[in-house]
Amino acid sequence: MRSYTLTAPAKINLYLEIIGARPDGYHELVMILQSIELADEIAIQAGSTDAIRVRCNQPEVPLDKSNLAYRAAELMAVKFPGAYAKYGGVDITINKHIPVAAGLAGGSTNAAAVLVGVDLLWNLGLTRIELEELGALLGSDVPFCIGGGTAIATGRGEQLSSLAGLDNIYIVLAKHRNLAVSTAWAYKSYREQFGDSYLQDTESLAARAAAVHSGPMVKAIINTNATEIAQKLHNDLERVVLPTYPQVVQLREAFANAGVLGTMMSGSGPSVFGICESQQQAEQVKIRVGEMIPDRDLDLFVTRMITHGIQISASV
Ligand code: C5P
């Protein structure tokens, strides 16, 4: 029986600007997304029945339809009924390393891996664009997670333009294990507080997105200048998450005091990252932040920016 093991990297947001509201209830965004080495492993194989089954090494991860990986397999079964009838169900095993509900796209990257894995398992031969279109039906971050690297994301977050990938810039990532922020809550609160400032017409929205495309953060990325990138980090969602979650403020302060080049919350949080000069500095920052916040609940990771999304690590 054929099986594939895929590596599914997490992402951080180097830039997240909310520029408007959309008729579908989502927000118009301009983001710069970055894959990082911290990853889950997803094993996919044909099931012995027509059922979709999810297993995970972490008990808090749901195994039913509320898991985006399950929904990704279900979507493939609906979109490709002939292949589903021929090959049957799918067994998905998730080996989780990415913190859950952290603003790191852990669920989205698992779903992206399932799309790529089922495409292989069922010999569908889908293109990257076709996989991204399927991903957009599952969640705003899923299309990016497929190809990964460094990309500008507009619209809901699903319209991607790749940038020259940043590689080997080290970061330290921090997340309180028992702290979770709902993405829907963060966007809703932002709209309630700052909705008045949203751009209204299509032209202004397009102009704002274009300004970011040619703006200072993109220049810093093209120049691979970690110091400049760290100075230009931006995340509008901090405006609602920081006042509500003092632990996130504390993490940002600890990173700043530990001497990182720059620090920011990722996505809707509550994970916070600090950009470092080198792997050696990152190891020291990890120790210092751990000393400043001696909380058993705090997970700290040294990781680095990478240039790819989902990769096949084994096929049998
Ligand atoms: O697309 P995804 O399921 O990841 O989004 C989670 C939630 O975040 C959505 O239900 C929505 O409330 C909010 N969101 C938004 N605008 C976006 C992306 C997400 O309002 N562009």
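## Ligand site and two buried residues

Val181 is placed in the loop that runs between β7 (170–176) and α6. This description rests on a predicted model. Val181 has a relative accessible area of 5% and is therefore buried, since the term applies under 20%. Across the chain, Val181 and Gly103 are separated by 78 residues in sequence, while their C-alpha atoms are 8.1 Å apart in space.

### The ligand site

The helix α6, at one end of the loop that holds Val181, also takes part in the surroundings of the ligand. The space that the ligand takes up is the largest pocket. Two elements, β2 (27–46) and α6 (183–194), each give two or more residues to the shell around the ligand. Of the contributing elements, α6 gives the most, with 3 residues.

Around the ligand stand Tyr26, His27, Leu29, Gly139, Ser140, Arg156, Thr183, Ala184 and Tyr187. By class, this shell comprises 4 nonpolar residues, 4 polar residues and 1 charged residue.

Polar atoms of the protein approach both oxygen and nitrogen atoms of the ligand, as the table sets out.

| Protein atom | Ligand atom | Distance |
|---|---|---|
| His27, polar side-chain atom | oxygen | 2.8 Å |
| Ser140, polar side-chain atom | oxygen | 2.6 Å |
| Arg156, polar backbone atom | nitrogen | 2.9 Å |

His27 and Ser140 thus take part through their side chains, whereas Arg156 does so through a backbone atom. On its own, the ligand has 450 Å² of accessible area, and the protein covers 74% of that area.

### Asp40 in strand β2

Strand β2, which supplies residues to the ligand shell, also contains Asp40. Is Asp40 buried or exposed? Asp40 counts as buried because its relative accessibility is 0%, and the limit for that class is under 20%.

Which partners does the side chain of Asp40 reach? One is the backbone nitrogen of His97, at 2.7 Å. Another is the side chain of Asn110, with which the Asp40 side chain makes a polar contact at 2.9 Å. The buried Asp40 is thereby linked through its side chain to a backbone atom of His97 and to a side chain, that of Asn110.

### Summary

The ligand takes up the largest pocket, with α6 as the element that gives the most residues to its shell. Asp40 in β2 and Val181 in the loop between β7 and α6 are buried, at 0% and 5% respectively.

Definitions and conventions:
Residues numbered from 1 in each chain as written. Predicted model: local features only at pLDDT ≥ 70, side-chain atom pairs only at ≥ 80, totals over all residues. Heavy atoms only, no water. Near = heavy atom within 4 Å. Polar contact = N/O pair within 3.5 Å; in protein donor to acceptor, adjacent residues only side chain to side chain. Areas by Shrake-Rupley, 256 points an atom, 1.4 Å probe, with all protein chains shown as cover. 1 Å grid on protein atoms, 1.4 Å probe; cavity = no way out; pocket = protein on both sides within 12 Å on 5 of 7 lines; lining within 4 Å. Sits in = over half its atoms within 2 Å of the grid points. Helix = DSSP H or I, 4+ residues; strand = E, 2+ residues; numbered from the N terminus. Nonpolar A, V, L, I, M, F, W, Y, C, P; charged D, E, K, R; others polar. Buried < 20%, exposed > 50% of the residue type's maximum accessible area, 1.4 Å probe, protein only.
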